[in-house]
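The following exercises concern helix geometry, helix packing and burial. Please have the sequence and the coordinates at hand before starting.

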Amino acid sequence: MHSPTLLVSGISGQLAQLVMASLLGHPSLVGTTRAPERHRHLASHGVDVRYADFDQPASTTHAFEGADRLLLVSTGAEHCGPRRVAQHRHAISAAGEAGVERLVYTSLLNADTSPLGPIASDHAATEAMLRESGLRHVVLRNAFYMDMLLMSLQRAIATGEWISAAGQGRVAYVTRGNCAMAAAAALRSDVGQDMTHHRRVDITGPDALSGEDVVAIANAVLGTRIRFVPVTKEEAASRLSASGMPPPMAALLAYIDTCVAQGAMAPASDDYLQLTGERATSVEAFLIAHRDTLLNAAST
């Protein structure tokens with residue numbers, strides 16, 4: 001029986017590295033990157049590591065040759081805007097030229113209706129390009145990474161306060177590892193085998209939680225006494241800056257809070273279970289697994 005050649009783009013990134021780790025052992029596996037020299041160790045696992053730069057369409061067309069199924073990991077947020085849309089356009093075009101049978105794309109939850117501005121609109125534009133391309137594809141709309149809670153909670157433990165301008169807005173946090181498992185499953189499985197056009201899958205954790213919910217779970221798991229403090233966007237940015245965070249980052253996080261308040265990262269979905277056959281990690285389980293890391297960081 002023929003094993004399809006699977007290709008994962010951007011293998012220097014954290015998400016793609018996790019996907020590659022879960023696919024090692026597949027008979028025909030390709031990884032693309034702008035820095036192949038950093039991934040020579042993968043050759044011992046039978047991985048064909050190829051150079052590809054989405055800013056250089058010719059390199060991408062060559063890199064995708066022979067791929068049956070391709071995971072297009074969205075390029076970094078630092079490329080947000082016209083550059084990232086152009087990068088994705090080049091990749092989709094190259095996939096079409098290479099005869100890729102299925103393209104899996106890592107998008108963002110509620111991409112086409114999100115208030116998150118360019119953070120989401122790049123993904124919406126890419127989804128539109130996929131629909132127009134004629135390629136069979138699966139769109140994985142990932143919620144915010146649960147992993148981000150580690151930084152937020154370290155700050156909250158240190159100050160005793162969780163500052164938020166999100167009000168009662170909820171986030172269906174999902175681990176990066178769960179997103180990687182979903183991507184690997186979408187590549188390996190027969191999902192979309194009979195698709196005429198495309199399939200969209202919402203990749204979220206099991207629950208959509210408010211900031212107050214997260215604080216309550218953290219206090220129960222960690223034994224802390226963090227207080228949830230609702231503030232305005234302006235006050236959130238000011239207080240985060242005062243704590244030492246660079247003002248542009250503080251302003252961005254405060255803005256994201258207001259988008260969460262508008263429903264940008266809810267509701268939760270059971271699509272992950274349907275795709276992988278497993279339940280996504282809960283915030284409680286995640287914090288239990290990282291309890292020592294969080295408490296040790298807070299004590300230093």
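Four exercises with worked solutions follow; the structure is a predicted model.

**Exercise 1.** Determine whether the end-to-end distance of helix α7 (residues 211-222) agrees with the expected span, and describe its surroundings.

*Solution.*
Step 1. The expected span is 1.5 Å times one less than the number of residues.
Step 2. Helix α7 has 12 residues, so 16 Å is expected; the end C-alpha atoms lie 16 Å apart, in agreement.
Step 3. The buried residues of α7 are Gly211, Val214, Val215, Ala218, Asn219, Val221 and Leu222.
Step 4. Their cover includes the helices α5 (149-159), α11 (283-289) and α12 (291-299), together with the strands β7 (161-164), β10 (209-210) and β11 (227-230).
Step 5. Beyond the helix comes Gly223, with a positive phi near 75 degrees.

**Exercise 2.** Repeat the analysis for helix α4 (residues 118-133).

*Solution.*
Step 1. For the 16 residues of α4, 1.5 Å a residue leads to an expected 22 Å, and the end C-alpha atoms are 22 Å apart, so the two values agree.
Step 2. Burial in α4 applies to Ala120, Asp122, His123, Thr126, Glu127, Ala128, Met129 and Leu130.
Step 3. Among the elements that cover these residues are α3 (82-98), β5 (102-108) and β6 (137-142).
Step 4. Gly134, just after α4, has a positive phi of about 85 degrees.

**Exercise 3.** Classify the packing of helix α1 (residues 14-23) against helix α6 (residues 176-188), and characterise the contact.

*Solution.*
Step 1. The angle between the helices is about 55 degrees, and their axes are 8 Å apart.
Step 2. Angles under 35 degrees count as roughly parallel, and those from 65 to 115 as roughly perpendicular. The arrangement of α1 and α6 is therefore oblique.
Step 3. The crossing of α1 and α6 is right-handed.
Step 4. On the α1 side, the contact is formed by Gln14, Leu15, Leu18, Val19, Ser22 and Leu23. On the α6 side, Arg176, Gly177, Cys179, Ala180, Met181, Ala183, Ala184, Leu187 and Arg188 take part.
Step 5. By class, the contact residues of α1 and α6 comprise 10 nonpolar, 3 polar and 2 charged.

**Exercise 4.** Is Arg176 buried or exposed, and which residues does it contact outside its sequence neighbourhood?

*Solution.*
Step 1. Arg176 belongs to helix α6.
Step 2. Arg176 counts as buried because its relative accessibility is 17%, and the cut-off for burial is under 20%.
Step 3. With neighbours within four places in sequence left aside, Arg176 contacts Gln14, Leu15, Leu18, Tyr145 and Asp147.
Step 4. Of these, Gln14, Leu15 and Leu18 also appear on the α1 side of the contact with α6.

Methods
Residues are numbered from 1 along each chain as its sequence is written. This is a predicted model: local features need pLDDT of at least 70, side-chain atom pairs count only at pLDDT 80 or more; totals for chains, interfaces and linings use all residues. Side-chain values use heavy atoms; hydrogens and water are left out. Helices (H or I, at least four residues) and strands (E, at least two) are DSSP runs, numbered from the N terminus. Buried means under 20% relative accessible area, exposed over 50%, partly exposed in between (1.4 Å probe, protein chains only). Contact means heavy atoms within 4.5 Å. Axes are lines fitted to C-alpha atoms, for helices over the stretch in contact, and angles run from 0 to 180 degrees between N-to-C directions. Angles under 35 degrees count as roughly parallel, over 145 as roughly antiparallel, 65 to 115 as roughly perpendicular and the rest as oblique. A crossing is left-handed if the near helix is turned anticlockwise from the far one by less than a right angle, and right-handed if clockwise. Ala, Val, Leu, Ile, Met, Phe, Trp, Tyr, Cys and Pro count as nonpolar, Asp, Glu, Lys and Arg as charged, and the others, Gly among them, as polar.
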